[in-house]
Amino acid sequence: MKALRKYVDSVKPNFQEGGKFSWLRSTFGAFETFLFTPNEVNKGGVHVRDAVDLKRTIIVVVLALIPALLMGMYNTGYQHFRALGQAAEFGDMFLYGFLQVLPMLIVSYVVGLGIEFAVAQMRGHEVNEGFLATGMLIPLIMPADVPLWMVGLATAFAVILAKEVFGGTGMNIWNPALIARAFLFFAYPSKMSGDSVWYGAEKAVDGFSGATALSNANATGATGFDFMDCVYGLIPGSIGETSVIAIAIGAVLMLCTGVASAKTMISVFVGGALTAYLFNIGGATGMGSLCWCEHLVIGGFCFGAVFMATDPVTSPRTECGKYIYGFLIGAMAIIIRVLNPGYPEGMMLAILLMNTFAPLIDSIIVGRNISRRKNRVKQQAK
């Protein structure tokens, strides 16, 4: 590493102001900070200093996503061979899924990072590490058979219109990964409906439909799968959303490192469970009759609660606001599932809706706190 550090220092003047490659300063800076911890610190005395920066935060998120990614690769192969009615070894299943998911990851990163580097060069800004997490999230919330050109198009749409037009990392209103999914959901609904999402389905054995648990629940009021299969992740669905266990491993890592808010995460599950239970005891039919615990383990509910709702950029900053925000996401996800059969995956729309209202929630909470302090001062003055 010392040799690499020495080499980087030797070529660095070429990329600084006045150097022959100064126009690539942002690009060089991105690679330098990717390889090494920046040695620049704030000089003033009003800043809180600790070991946590954006790069470390994003790395934790990426590591937390690895279990869901690996399980998604295996499940893609598992569902493929299941559709064909063929027995296969673990290695064959994982290899098949790996070869299907890897190109999606490559396209997502190449398109997204390419746009971010280009925009940073045009603006003369630094390249932030935020897309390292977004680039992995985008493929994980899509079905395994989405064409690569759609992945690239959705990624470009999300990075440009949901992130860069607002000023880049930390300035966006909506979660970019969910905007990418929403774009494909409304532009190409046949590829995102979840009815037949597995490679090889066109050659499937008789009786195999490829329908997801959400599709079954929407049509019949039952998932059509064993509850534990839903927990393990051995069911059709988007790549990273099926395994509750893999998602839970990522959740523990993010909570232990303080990257994700437990207040938001827990509130999502409480809001979803309570709303689903109210539909259950109210005698609702169809999706509303599905047990509240099954609602939490199918579709993108767990994945959204852990990796999307907790996004610190698009969620409230106030502690009380996090409880309200998370609860409303969980409640809205179930309400959309039950009352709008056209959108059985309500988690995506619920999070995007609450992203929109997150600043309002913070504003109300801060306003209440200010009013309470004023009243307290008045009472003390008396």
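**A cavity, an enclosed helix and a surface patch**

Okay, let's start on the inside: the lining of the largest cavity has seven nonpolar, two polar and three charged residues. Keep in mind that this is a predicted model.

How many cavities of 30 Å³ or more are there in the whole structure? The search finds just one. About 100 Å³ of space lies in the largest cavity. Its lining includes Arg 181, Glu 241 and Glu 345, along with residues such as Ile 141, Leu 178 and Met 347. As for where the lining comes from, α7 (176–187), α14 and α16 (346–381) each supply at least two of its residues.

Let's stay with α14 for a moment. Is this helix enclosed or open? It covers residues 301–308, and eight of the eight are buried, so α14 is largely enclosed by the rest of the structure. Among those buried residues are Phe 303, Gly 304 and Met 308, and you'll find those three names in the cavity lining too.

Now out to the surface. Here we have a nonpolar patch with about 1000 Å² of accessible area together, and its members include Ile 266, Val 270, Leu 274, Trp 292, Tyr 323 and Phe 327. Two elements give two or more residues to the patch: α12 (262–281) and α15 (319–339). Which one gives the most? That's α12, with six residues.

One last residue to click on: Leu 278, which sits in helix α12 and belongs to the patch. Why does Leu 278 count as partly exposed? Its relative accessibility is 49%, and exposed would need over 50%, so Leu 278 falls in the class in between.

Notes
Residues are numbered from 1 along each chain as its sequence is written. This is a predicted model: local features need pLDDT of at least 70, side-chain atom pairs count only at pLDDT 80 or more; totals for chains, interfaces and linings use all residues. Side-chain values use heavy atoms; hydrogens and water are left out. Patches are made of residues with over 30% relative accessible area and no salt bridge: like charges are joined within 9 Å, nonpolar side chains (Val, Leu, Ile, Met, Phe, Trp, Tyr) within 5 Å. Accessible areas come from the Shrake-Rupley method with a 1.4 Å probe; for residues, only the protein chains shown count as cover. A salt bridge is a side-chain nitrogen of Lys or Arg within 4 Å of a carboxyl oxygen of Asp or Glu. Helices (H or I, at least four residues) and strands (E, at least two) are DSSP runs, numbered from the N terminus. Buried means under 20% relative accessible area, exposed over 50%, partly exposed in between (1.4 Å probe, protein chains only). On a 1 Å grid over the protein atoms alone, a cavity is a set of points where a 1.4 Å probe fits but cannot get out, and a pocket is an open set with protein on both sides within 12 Å along at least five of seven lines; lining residues have an atom within 4 Å of a point. Grid points are joined across faces, edges and corners, and a volume is the space filled by probe spheres set on the points. Ala, Val, Leu, Ile, Met, Phe, Trp, Tyr, Cys and Pro count as nonpolar, Asp, Glu, Lys and Arg as charged, and the others, Gly among them, as polar.
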